[in-house]
Amino acid sequence: MLEMINVMINQVATDPIHQFKLSKIVDWQIGGVDLSFTNSALFMAIGVGLAIVLFMMATSKIETVPGRSQSIAEIAYGFVAGMVRDMMGEEGMRFFPFVFSLFVFIFFANMLGMFPYFFTTTSHIIVNFALAMLVMAIVIGYGFYKNGFKFLKIFFPSGVPAALSPLVALIEFISFLSRPISLSVRLFANMLAGHIMLKVFAGFVFSLAATGSALAIIAPVALAGTVAVVALEFLVAFLQAYVFAILTCVYLNDALHPGH
Amino acid sequence: MAEDDLGKKIAAAQKAHEQSRNVGRRKDVSGRGMGVGMRMASEFVASIFVGAALGWGLDLVFHTSPWMLIVWFLLGFATGIVNVVRVAKDFQSDTNDGQGDDRSEQGL
């Protein structure tokens, strides 16, 4: 019994990164490329499925006075639509489906990660980087499609003296390249750090209690800390989805109105 | 005369209501401060990282090590500062003109 507990403590306390390990559920090798269905892919699929089912339920019977699920869908729509309109104006609403999907996907991935033993998709930087690159591809593609070469004005902001403009253009260029990185690293770092912190704090509870000495008195403090961190993580899970969506709007605005 | 009193009362009540709404909003904005802070930190670091990476890459291509790395690292640093100031400016203008501006609800 004691040995079992010890093994448990060791696993929890010494390996807080184990939760991020990818494992293959179905092994697929197509044309020499590893396309296996992993636990990460599973939770992406669960998130998307959950979102589709919830929104279908919410919109299945639409009433003038909304019920509970319809209100949630309306609040979600209003929240993202307000964000898109504020950042890009009415013509930005053509990007609404994209921003809304992005927000809901990240939000569900983050929230699913809050369940014990669930996998947090967004704790892997490559997933976030793919999403960020999708945003940048749309910004560049739509920017050139709509403005032609005037899109390059984003590197030459108005009101800059001619002598300084090469330097400013270099700085704007680095700034543009750093966008997908800051976008993906922020989401990844928050989810990774939050979940590790949660595991470590929870591990403290066990290892302090198991010492059997006077230190065991502090164990409830660590437990209270864990509860507080869980609350904080719920806030961060929402906040990061929100920040990702709003920055998407800011960047898409550059494609709509370059060089202002 | 009585009507005038009522008008004053309504104006006073509306003002109080407006103020209480603004207080609520200001709180709302500071709650988003965490998001703004993380945005600043990540943008600062990402700019330096990208600048340094570009310099390193150019060094490899043109065999000018370490000059490109030094120059582009400094440029990246400047970009980081520019980005942080930009975020701070947005946040400041949003919190100051809180009245009726919808953007203030977003806090970013």
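## A loop in chain B

B:H63 has its place in the loop between α2 and α3 of chain B. Helices (H or I, at least four residues) and strands (E, at least two) are DSSP runs, numbered from the N terminus. Keep in mind that this is a predicted model: local features need pLDDT of at least 70, side-chain atom pairs count only at pLDDT 80 or more, and totals for chains, interfaces and linings use all residues. As for the bookkeeping, residues are numbered from 1 along each chain as its sequence is written, chains are lettered from A and ligands numbered from 1 in the order in which they are written, and side-chain values use heavy atoms, with hydrogens and water left out.

Back to the loop. B:H63 isn't a glycine, yet its phi is positive, at about 50°. With a relative accessible area of 70%, B:H63 is exposed. (Exposed means over 50% relative accessible area, buried means under 20%, and partly exposed is in between, using a 1.4 Å probe and protein chains only.) B:P66 belongs to this loop as well, between α2 (33–62) and α3 (67–96) of chain B. What kind of peptide bond joins B:S65 and B:P66? A cis one, with omega at about 0°.

## The two chains

Chain B has four helices and zero strands, so its pattern along the sequence reads simply α-α-α-α. It has 108 residues, and 29% of them count as buried. The area that chain B exposes is about 6,900 Å², with 66% of it supplied by carbon and sulfur atoms. Accessible areas like this one come from the Shrake-Rupley method with a 1.4 Å probe; for residues, only the protein chains shown count as cover.

Chain A contains seven helices and four strands. Starting from the N terminus, its elements run α-β-β-β-β-α-α-α-α-α-α. Chain A has 260 residues, 40% of them buried, and exposes about 13,800 Å², of which carbon and sulfur atoms supply 75%. Now take contacts, meaning heavy atoms within 4.5 Å. Of those in chain A between residues at least 6 apart in sequence, 67% join residues at least 24 apart.

## The nonpolar cores

A nonpolar core is a set of buried Ala, Val, Leu, Ile, Met, Phe, Trp, Tyr and Cys residues joined through side-chain atoms within 4.5 Å. The largest one here has 44 residues, and those touching the most other members include A:V80, A:M83, A:M88 and A:F244. Which elements give two or more residues to this core? They are α3 (68–88), α4 (96–112), α5 (125–147), α6 (165–210) and α7 (219–256) of chain A. The largest share, 12 residues, comes from α7(A).

Let's zoom in on A:M88. Setting aside neighbours within four places in sequence, A:M88 is in contact with A:F95, A:C249, A:L252, A:N253, A:L256 and A:H257. Apart from the largest core lies another, with five residues, among them A:I171, A:I174, B:V50 and B:L75.

## Two helices side by side

The axes of α4(A) and α5(A) come within 12 Å and cross at roughly 170°. Such axes are lines fitted to C-alpha atoms, for helices over the stretch in contact, and angles run from 0 to 180 degrees between N-to-C directions. That's why α4(A) is roughly antiparallel to α5(A). (Angles under 35 degrees count as roughly parallel, over 145 as roughly antiparallel, 65 to 115 as roughly perpendicular and the rest as oblique.)

In the contact, A:F98, A:L102, A:F105 and A:I106 of α4(A) meet A:L131, A:L134, A:V135 and A:I138 of α5(A). What's the split by residue type? Eight are nonpolar, none polar and none charged. Here Ala, Val, Leu, Ile, Met, Phe, Trp, Tyr, Cys and Pro count as nonpolar, Asp, Glu, Lys and Arg as charged, and the others, Gly among them, as polar.

## Around helix α5 of chain A

A:Y117 is in the loop between α4 and α5 of chain A. Its phi is positive, near 70°, in a residue other than glycine, and at 85% relative accessibility A:Y117 counts as exposed.

Helix α5 of chain A itself holds A:V127 and A:F129. Is A:V127 buried or exposed? Buried, with a relative accessible area of 13%, whereas A:F129 is partly exposed at 30%. Beyond neighbours within four places in sequence, A:V127 is in contact with A:S40, A:M44 and A:T121. A:V127 and A:S40 are 87 residues apart along the chain, yet their C-alpha atoms are separated by 9.3 Å. With that same neighbour rule, A:F129 is in contact with A:P180, A:I181 and A:S184.
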